[in-house]
Amino acid sequence: MAQMNMVEAINLALREEMERDPDVILLGEDVGKEGGVFRVTEGLQQRFGENRSIDTPLAESGIVGCAFGMALLGLKPVAEIQFMGFLYPAYDQIISHVGRIRNRTRGVYSAPMVIRMPYGGGIHAPEHHSESTEALLAHTPGIKVVIPSSPADARGLLKSAIRDPDPVLFLEPKRIYRAIKEEVPEGEVLVPLGKARRVREGGDLTLVAWGAMVREAQKAAEELAGQGIEAEIIDPRSISPLDEAAIVESVKKTGRCVVVHEAPRTCGLGAEISALLMEQALLYLKAPVERVSGFDTVMPLPKGEHFYLPDLRRILRGARKVLEF
């Protein structure tokens with residue numbers, strides 16, 4: 001196994017799936033000759049040609065609309081949106097057509113397509129380049145929403161997403177694109193969609209986090225361990241469908257839960273997980289569920305983003321709150 005960062009692991013997954021299945025097609029702005037804005041698709045046009053790695057105009061609705069049409073005709077498109085903040089012109093395609101086609105045609109047609117996009121803050125980007133509106137997508141029927149937090153998971157989840165018979169939104173936490181390296185297996189190692197990962201075992205409280213926030217949760221768990229407190233970390237990996245059983249099982253064991261996400265707090269996925277635990281684990285809870293999140297505002301410009309993003313200090317404060325309740 002080779003040591004890879006997330007960019008390299010995603011590139012490997014795309015290459016392997018394009019080799020395995022000639023119907024897998026890439027499209028998006030600069031995905032071909034330039035290899036993508038973060039070089040995730042680097043070398044794939046040179047390897048597979050311009051008919052399978054297609055540079056498109058800067059028109060997100062057109063990119064998703066074309067991918068949708070390709071999927072209905074039997075291809076397996078993987079569309080790239082350069083930043084999540086530019087998804088919104090294409091959201092009409094997703095909510096009006098992509099997510100509805102199976103229901104609309106009573107199962108006659110489906111849309112086996114993937115929409116990849118970098119998301120989240122932490123790289124000092126300008127406005128519209130640090131969005132974390134995954135809850136908006138999780139609220140949309142008919143699509144799956146997947147968020148890897150490690151290179152190996154990114155490869156295995158993307159391969160599963162490409163083979164899925166229905167549309168998958170694949171959100172890539174760009175803050176950790178090149179921040180983590182680990183051994184990434186080659187070959188038929190798939191990570192199932194909708195199945196959470198227990199990142200760390202513990203018995204005193206549960207930290208639920210996804211994407212770049214898993215790394216922050218790990219820092220907090222290590223700090224707590226030094227104080228004799230064992231935190232369990234659950235990474236859902238797919239927020240739609242959400243592995244509810246894994247979260248409930250962990251909280252039934254620990255009795256306490258802190259949900260960490262960088263998205264705005266109101267109507268974020270932390271609220272959904274809090275409600276889930278109220279419904280399915282109320283009698284096991286020793287303290288109210290705590291949410292450590294972004295704020296209900298636009299992501300600040302670069303000099304202020306560290307005030308917005310959950311960090312070690314804020315996660316520890318949330319953990320102390322549930323432990324001392």
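# Working through helix α9, the cores and the pockets

The buried residues of α9 are Ala-246, Ile-247, Val-248, Ser-250, Val-251 and Thr-254, where buried means under 20% relative accessible area, exposed over 50% and partly exposed in between (1.4 Å probe, protein chains only). We're working on a predicted model, where local features need pLDDT of at least 70, side-chain atom pairs count only at pLDDT 80 or more, and totals for chains, interfaces and linings use all residues. Residues are numbered from 1 along each chain as its sequence is written, and side-chain values use heavy atoms, with hydrogens and water left out.

**Exercise 1. Find what the buried residues of α9 pack against, then place Ser-250.**

Step 1: Those buried residues pack against β10 (205-209), β11 (231-235), β13 and α10. Helices (H or I, at least four residues) and strands (E, at least two) are DSSP runs, numbered from the N terminus.

Step 2: Ser-250 sits in α9, which covers residues 244-254. With a relative accessibility of 2%, Ser-250 counts as buried.

Step 3: Skip residues up to four places away in sequence, and Ser-250 touches Thr-206, Glu-232 and Ile-234. Contact here means heavy atoms within 4.5 Å.

Step 4: Just after α9 comes Gly-255, with a positive phi of about 80°.

**Exercise 2. Decide whether Pro-57 is buried or exposed, and list its contacts.**

Step 1: Look in the loop between β3 (53-55) and α3 (60-72) to find Pro-57.

Step 2: Its relative accessible area is 62%, so Pro-57 is exposed.

Step 3: Leaving aside neighbours within four places in sequence, Pro-57 is in contact with Glu-29 and Ile-63.

**Exercise 3. Describe the largest nonpolar core.**

Step 1: A nonpolar core is a set of buried Ala, Val, Leu, Ile, Met, Phe, Trp, Tyr and Cys residues joined through side-chain atoms within 4.5 Å. As background, nonpolar side chains tend to be buried together in soluble globular proteins.

Step 2: The largest core has 47 residues, and Met-113, Met-117, Leu-137, Trp-210, Ile-273 and Leu-277 touch the most other members.

Step 3: Elements giving two or more residues to this core are β2 (24-28), α3, α4 (88-98), β5 (114-119), β7 (168-173), α9, β13 (257-260) and α10 (269-280). The most comes from α3, with six residues.

Step 4: Another core, of 29 residues, lies apart from it and includes Met-6, Leu-14, Leu-26 and Val-78.

**Exercise 4. Give the volumes of the largest and second largest pockets, and say what lines them.**

Step 1: On a 1 Å grid over the protein atoms alone, a pocket is an open set of points with protein on both sides within 12 Å along at least five of seven lines, and lining residues have an atom within 4 Å of a point. Points are joined across faces, edges and corners, and a volume is the space filled by probe spheres set on them.

Step 2: The largest pocket holds about 260 Å³. Of its 14 lining residues, Ala-135, Ala-138, His-139, Leu-269 and Glu-272 are the closest to its centre.

Step 3: That lining divides into nine nonpolar, three polar and two charged residues. Here Ala, Val, Leu, Ile, Met, Phe, Trp, Tyr, Cys and Pro count as nonpolar, Asp, Glu, Lys and Arg as charged, and the others, Gly among them, as polar.

Step 4: The second largest pocket has a volume of about 170 Å³. Its lining has two nonpolar, three polar and seven charged residues, and α12 gives the most to it, with four residues.

Key: On a 1 Å grid over the protein atoms alone, a cavity is a set of points where a 1.4 Å probe fits but cannot get out, and a pocket is an open set with protein on both sides within 12 Å along at least five of seven lines; lining residues have an atom within 4 Å of a point.
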